[in-house]
Amino acid sequence: MIQEPRTSPEVGGMGHSMKRKEDGRFIRGKGNYVDDIVLPDMLFMDIVRTPYPHAKILNIDASRALATPGVLAVITGRDLEKYNLHMMPTLMSDTQMVLPTDRVVYQSQEVAAVIATSRYAAADGVAAVDVDYEPLPPVVDPYKAIEPGATLVRPDRKDTNHIWHWEAGNKDATEQVFKDADLTVSEHMYIPRIHVASIETCGCLASYDKAREQLTVYMTTQAPHAVRTVVALVAGHVGLSEERIRIISPDIGGGFGGKVPVYPGYVVAIAVSFLLGKPIKWIEDRMENLQADSFARDYHIDAELALKKDGTITGLRVKTLADHGCADAAANPSKFPAGLYSIVTGSYDIGAAHVAVDAAYTTKPPGGVAYRCSFRVTEAVHAIERLADIAAHELKMDPAEFRLKNFIKPEQFPYKSATGWTYDSGNYKGALELAMQKINYAELRREQLEKRARGELMGIGISSFTEIVGAGPSHTFDILGLKMFDSAEIRIHPTGKAIARFGTKSQGQGHETTYAQIVAEELGIPAAHVQVEEGDTDTAPYGLGTYASRSTPVAGAAGAMAARKIRDKARKIAAYLLEAGEEDLEWTPGKFTVRGSPDRSKTIQEIAFAAYTNHPQGMEAGLEAVSYYDPPNLTFPFGSYICVVDIDKGTGEVKVRRFVAVDDCGNIINPMIVDGQIHGGLAQGLAPALFEEIQYDENGNIQGGSFMDYLLPTAMETPNWELDKTVTPSPHHPLGAKGVGESATVGAPPAIANAVVDALWHLGVRHIDIPITPFKVWKILREKGVSE
Amino acid sequence: MIPSRFDYVAPSTLDDAVTLLREHGGEAKVLSGGQSLIPMLKLRLATPTVLVDINRIPGLDYVEERDGALHIGALAREAELERSEVVRSRYPLLADTAHVIADPIVRNSATICGNVAHGDPGNDHPATMIALDAKFAIRGASGTRTVAARDFFVGLFTTVLEPDEIVTEIVIPTPTPRSGGAYRKLERKVGDFATAAVAVQLTLDATGACQRAGIALTNVGATPIRAASAEAYLVGKPLDATTIGEAATMAASAAEPVADRRGSEEYKRDLVRVLATRALQTAARRARGDTGTREG
Amino acid sequence: MSTHSITVTVNGQAHSAEVESRLLLVHFIRDTLRLTGTHIGCDTSHCGACTVLLDDHPVKSCTMFAVQADGHAIRTVEGLEQGGALHPVQAGFKEEHGLQCGYCTPGMMMTATALLEHNTNPTEAEIRQAISGNLCRCTGYVNIVKAVQHAAGAIRAAQATSPVQGVTAETAATA
């Protein structure tokens with residue numbers, strides 16, 4: 001039940017679908033994205049990239065480039081090596097080349113940087129750099145990569161391509177359960193490499209001011225403070241000390257995780273700016289973005305369920321090979337190289353589970369978690385929801401019945417899973433039943449039977465996912481040692497307006513509005529009067545940034561806690577002004593009233609004014625607070641999605657006829673913004689399910705390295721999303737909110753995949769790997785003798 | 001995404017344009033809609049030294065029916081075909097085709113003559129023009145000539161055009177009564193090239209049998225492919241499920257697809273069969289006058 | 001002949017400049033004229049973030065040279081607001097949460113503006129088709145469709161109350 005807002009629409013606290021405060025500049029074309037920013041004497045950087053996935057660099061000849069009009073310099077790895085800046089650490093404590101000194105390890109890897117007076121001259125310079133390579137064998141198949149005798153990708157790091165092994169759960173208990181099972185269901189699934197492809201690519205404008213000895217970098221980054229600290233650690237030895245570094249994330253045109261890693265281009269731009277004392281602008285183009293930036297997924301999964309014959313799940317076993325490319329540069333919390341993948345028991349009460357993941361180096365770009373995945377939760381949910389559907393079909397049980405039978409029950413929360421997570425709250429049955437009712441599930445099953453009798457192929461797919469977000473408690477979570485708290489600093493002005501700064505960074509999620517609404521909720525100051533800022537490391541309190549749906553759970557909580565500290569001080573001031581005891585005052589949004597004397601009250605605005613003009617003796621003036629919030633747990637949003645598809649037997653096309661999404665993200669700050677997040681997430685769930693894939697041929701050449709072949713759905717391929725909600729607050733979050741940004745990318749792909757397999761199950765089809773292209777479907781149909 | 005340098009000229013007559021092309025040999029390229037050429041320049045896949053922009057030449061942007069034919073000028077845009085009532089009602093194959101080229105924004109700039117002159121097997125109009133028995137008026141430094149669409153495409157990205165020649169007009173004979181056409185294309189998403197596509201133009205005789213059939217295939221060979229055997233098979237026969245099925249199968253065997261990310265050779269061949277079936281069904285319905293619109 | 005003098009009318013104002021033949025129109029708009037509301041999102045003419053109106057038709061300004069625009073009139077997102085009043089399309093996008101990161105938004109709005117200048121009552125299918133050359137990663141398109149419908153409603157309402165025939169979207173914005 002969605003609660004009624006406690007505040008008026010004029011105040012705009014939680015629950016109001018307030019129109020966004022940030023829209024004014026965007027609808028006028030006055031956004032401030034990195035490429036919009038111009039500094040005096042600015043130079044341009046463009047990058048020479050290798051066509052070979054694995055090669056020795058024999059020679060780099062920059063003479064033609066240096067003779068090109070407008071070109072000022074060509075920087076190579078050897079130049080950076082002089083300053084020990086040719087290598088950098090990754091977020092998972094691996095290392096990665098900034099520019100190579102002797103070898104390249106992925107196609108389109110950065111090889112040299114051209115500095116020029118204009119964008120066009122820099123491009124001409126890149127075309128004029130001649131590089132001689134001696135090709136080496138590419139390493140494309142991660143299974144072959146970890147076999148003995150495989151060509152080494154990282155001889156500088158290890159004498160094997162096996163990066164790490166990681167386990168969760170109880171291996172022996174799980175083995176026993178599988179021995180005792182009435183039946184087991186297993187499947188191999190490959191979730192291919194995909195790419196976020198936010199419409200704005202990555203880039204930066206690095207400006208080192210030699211007179212002030214200060215570095216300012218405008219950067220497309222979702223985590224500016226972490227970047228500042230990493231730059232200070234990496235480049236401190238050349239004089240870039242942390243207090244002299246300012247990272248500014250301006251407006252960002254979509255992040256989705258792809259703007260968390262530190263890319264070589266940033267580091268080169270910073271180094272060149274430092275050496276030349278001039279601003280250096282580097283903006284990658286789309287093909288560079290798709291071919292060299294951090295990817296997502298690329299998990300080869302073997303998953304099995306142990307079951308009783310009545311359909312009760314007793315155990316889950318998952319083994320996975322992770323293709324990490326040439327460096328482990330995924331942005332995972334450090335103790336979780338496979339992210340939060342062990343959430344793979346999902347929404348089900350499973351007594352025993354074991355998850356094992358191995359990671360392999362290949363000659364491909366590094367990464368793994370850069371596409372709205374909550375740290376590998378997309379992979380985990382895909383595995384369990386596909387398995388659940390296969391099990392249901394094998395048992396000839398309705399997939400909804402199967403899920404309802406196995407769901408964790410509301411009274412079991414907080415629920416300790418077999419892999420060690422404590423789920424805060426959930427109502428899986430409620431969400432699924434609402435989705436079934438909304439889509440008229442029983443009627444659809446009847447229709448399916450009728451159509452099947454006529455040879456028409458229609459499928460219904462369910463995904464009942466549990467998300468795990470809000471990283472995270474300091475006892476368990478850190479990135480490169482930095483704990484994953486987040487922060488808010490709120491200051492109330494004399495006239496009762498406010499400024500609130502946070503350690504996160506919105507890339508479209510609406511923080512300028514939602515954070516203001518949190519302050520409005522807690523203090524009764526209208527959200528319209530709360531100025532929200534993020535992204536400038538000189539002014540924002542330290543935070544770990546926005547990704548993995550952590551802003552509302554962590555920074556939003558910090559905002560509430562800081563506001564409550566302010567309210568505590570406001571109470572003291574109010575008591576002083578009203579000449580009453582603090583304990584005699586009652587708070588309603590926006591004012592303190594003396595209990596029993598409704599005419600004796602002070603508004604927050606009056607209190608704010610008094611904080612500067614009439615504060616009690618012995619108290620500091622001012623009205624502000626900072627909170628660094630260490631969440632006690634993660635939060636667990638959830639939902640049930642149901643998808644209906646019709647398959648064209650002639651062409652193999654899958655048409656999504658309906659898609660109902662019931663989400664539960666706890667208490668909702670702004671319903672309009674939450675729905676927007678879900679719409680967008682669903683589109684980015686549809687895309688990998690049916691369209692998106694980055695492949696490498698056996699020679700290591702990328703396929704799908706431009707928008708010609710990396711297919712983003714348009715408004716024509718995207719159905720109308722039908723949304724609904726249940727509300728199960730988080731018991732530990734100050735606002736009861738859970739976060740929602742990635743629920744839909746997590747939940748949607750298996751709903752669609754399940755629908756397609758459901759349409760074809762009667763033909764003997766058990767599983768289809770995403771993306772489910774028309775070609776794949778056609779092949780299956782023809783193999784099964786179905787044609788038009 | 002920055003082109004290499006080139007000189008740019010925007011002549012105001014066709015004669016001047018053609019003279020410039022001859023002067024520069026293969027080093028000059030014609031700029032009309034630019035929606036195929038400019039992307040190639042940006043990727044430096046093409047590096048002409050001179051661009052001859054014909055957009056300033058007046059009198060080339062017409063789509064008009066006269067003298068028993070539809071005349072499409074060199075600068076007529078795809079969007080104009082979509083807007084034209086004449087095209088929608090009497091040349092539904094052409095309307096179908098225009099509707100699935102690239103996306104609506106590109107269609108405001110892209111020209112029909114450019115689409116055929118470029119020689120890209122992925123372009124849609126070539127097959128349509130073959131099915132419609134269109135002729136292309138060509139102007140070069142040595143004069144003018146007319147080439148039938150079916151003789152125009154000779155190889156991958158290769159047409160009969162000499163470096164100094166421009167396609168100035170496409171002429172499509174106005175279909176006689178009891179005619180109908182349809183274009184059926186499978187694209188992975190809006191904006192993609194065809195996985196396969198089939199263009200069909202039919203004329204029926206008074207008994208409802210096929211009098212003339214034009215069937216051509218897009219993106220399943222180095223050039224657009226005329227399914228001549230399928231065409232010949234249909235002449236004189238009624239258009240029913242059997243004959244349509246047979247013709248579609250024959251059209252599929254005329255295809256010479258190459259496997260790529262869109263699918264295997266077998267898939268594309270079968271797609272030709274499926275799309276040809278659907279295009280033939282729709283074209284026949286339109287020819288019978290069941291509906292005169294593209295939605296038929 | 002590698003540089004040319006051009007004069008382009010942008011949002012009603014004439015701008016003259018000396019440009020290289022190969023200067024893309026989008027760079028002319030962004031870098032020469034410093035109108036940075038028009039964005040670049042790809043290099044293969046797919047995304048539509050660079051969409052502007054050229055003589056009232058949407059074109060991808062990344063797939064055109066500035067020299068081609070000589071003597072023509074261009075409208076960009078900066079020209080939508082007139083006399084301090086938001087264009088109905090801008091108002092629609094704000095009212096219906098039709099934008100999140102804002103990067104595809106200018107191109108999307110220019111396409112919508114042109115659509116509504118030709119058709120003040122488009123169906124949902126017509127709207128989706130019209131914007132099928134503009135990619136968005138954030139919104140899932142549903143609210144963009146609603147934004148355009150909202151704008152269409154406002155334009156029709158303004159036309160209904162206006163006594164003058166042929167009210168355009170621009171005059172509707174100030175009505």
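Visitor: How much area is buried between chain C and chain A?
Guide: Happy to start there, and please keep in mind that this is a predicted model. The contact brings together 48 residues of chain C and 54 residues of chain A. Carbon and sulfur atoms give 55% of the buried area. The area itself is about 4400 Å².

Visitor: Which side chains meet in a salt bridge at 2.9 Å between chain C and chain A?
Guide: Between these two chains the count of salt bridges is six, and there are 28 residue pairs in polar contact, with both residues at pLDDT 80 or more. A salt bridge needs a Lys or Arg nitrogen within 4 Å of an Asp or Glu carboxyl oxygen. The N to O distance of 2.9 Å belongs to the pair R28(A) and E81(C).

Visitor: Which helix gives the most to the side of chain C that touches chain A?
Guide: Several helices of chain C supply at least two residues each, namely α1 (25-32), α2 (88-95), α3, α4 (124-130) and α5 (142-161). The one that gives the most does so with four residues, and that is α2(C).

Visitor: How do the residues on that side of chain C divide into nonpolar, polar and charged?
Guide: The side in question is the one with 48 residues in contact with chain A. By class, they divide into 19 nonpolar, 16 polar and 13 charged.

Visitor: What area do chain B and chain A bury between them?
Guide: Here the contact takes 23 residues from chain B and 29 residues from chain A. Of the buried area, 55% is on carbon and sulfur atoms. The size of an interface is often given as the accessible area lost when the parts come together. For chain B and chain A this comes to about 2300 Å².

Visitor: Which residue of chain A meets R5(B) in a salt bridge?
Guide: Chain B and chain A have six salt bridges between them, along with 15 residue pairs in polar contact, both residues at pLDDT 80 or more. For R5(B), the N to O distance is 3.9 Å, which is still inside the 4 Å cut-off for a salt bridge. The residue it meets is D124(A).

Visitor: Which helix of chain B gives the most to the side that touches chain A?
Guide: By class, that side of chain B has 10 nonpolar, two polar and 11 charged residues. Seven residues come from a helix spanning residues 265-287, and this top contributor is α12 of chain B.

Visitor: Which strands stand at the edges of the five-stranded sheet in chain C?
Guide: This open sheet has mixed pairing and runs in the order β2-β1-β5-β3-β4. From one strand to the next, the twist averages 40°. An edge strand pairs on one side only, and here the edges are β2 (13-20) and β4 (57-60) of chain C.

Visitor: What is the bridge partner of L54(C)?
Guide: Strand β3 (residues 51-54) and strand β5 (residues 73-75) of chain C run antiparallel and are joined by two bridges. L54(C) finds its partner in β5(C), and that partner is I74(C).

Visitor: What angle does the direction of helix α3 of chain C make with that of β3(C)?
Guide: Helix α3 covers residues 105-118 and packs on the sheet, touching β3, β4 and β5 of chain C. Its direction makes an angle with that of β3(C) of about 35°.

Visitor: Why is one side of β4 and of β7 in chain B left without a neighbour in the sheet?
Guide: These strands belong to an open antiparallel sheet in the order β4-β5-β10-β6-β7 (chain B). Neighbouring strands of this sheet are turned by 25° against each other on average, direction ignored. β4 (63-66) and β7 (143-148) stand at the edges, so each has a single partner strand.

Visitor: Which residue stands opposite E65(B)?
Guide: β4(B) pairs with strand β5 (residues 69-73) of chain B in the antiparallel sense, over four bridges. Across from E65(B), in β5(B), stands L70(B).

Visitor: Where does A197(A), with its positive phi, lie?
Guide: Most residues other than glycine have a negative phi, and most peptide bonds are trans. A197(A) has phi near 45°. Its place is the loop between β10 (183-191) and β11 (203-209) of chain A.

Visitor: What is omega for the cis peptide bond from F413(A) to P414(A)?
Guide: P414(A) lies in the loop between α11 (399-406) and β20 (415-416) of chain A. The bond leading into P414(A) from F413(A) is cis, with omega near -5°.

Terms used
Residues numbered from 1 in each chain as written. Chains lettered and ligands numbered in written order. Predicted model: local features only at pLDDT ≥ 70, side-chain atom pairs only at ≥ 80, totals over all residues. Heavy atoms only, no water. Contact = heavy atoms within 4.5 Å. Buried area = accessible area lost by both parts, 1.4 Å probe. Polar contact = N/O pair within 3.5 Å; in protein donor to acceptor, adjacent residues only side chain to side chain. Nonpolar A, V, L, I, M, F, W, Y, C, P; charged D, E, K, R; others polar. Pairing = 2+ DSSP bridges. Axes fitted to C-alpha atoms, helices over the stretch in contact; angles between N-to-C directions.
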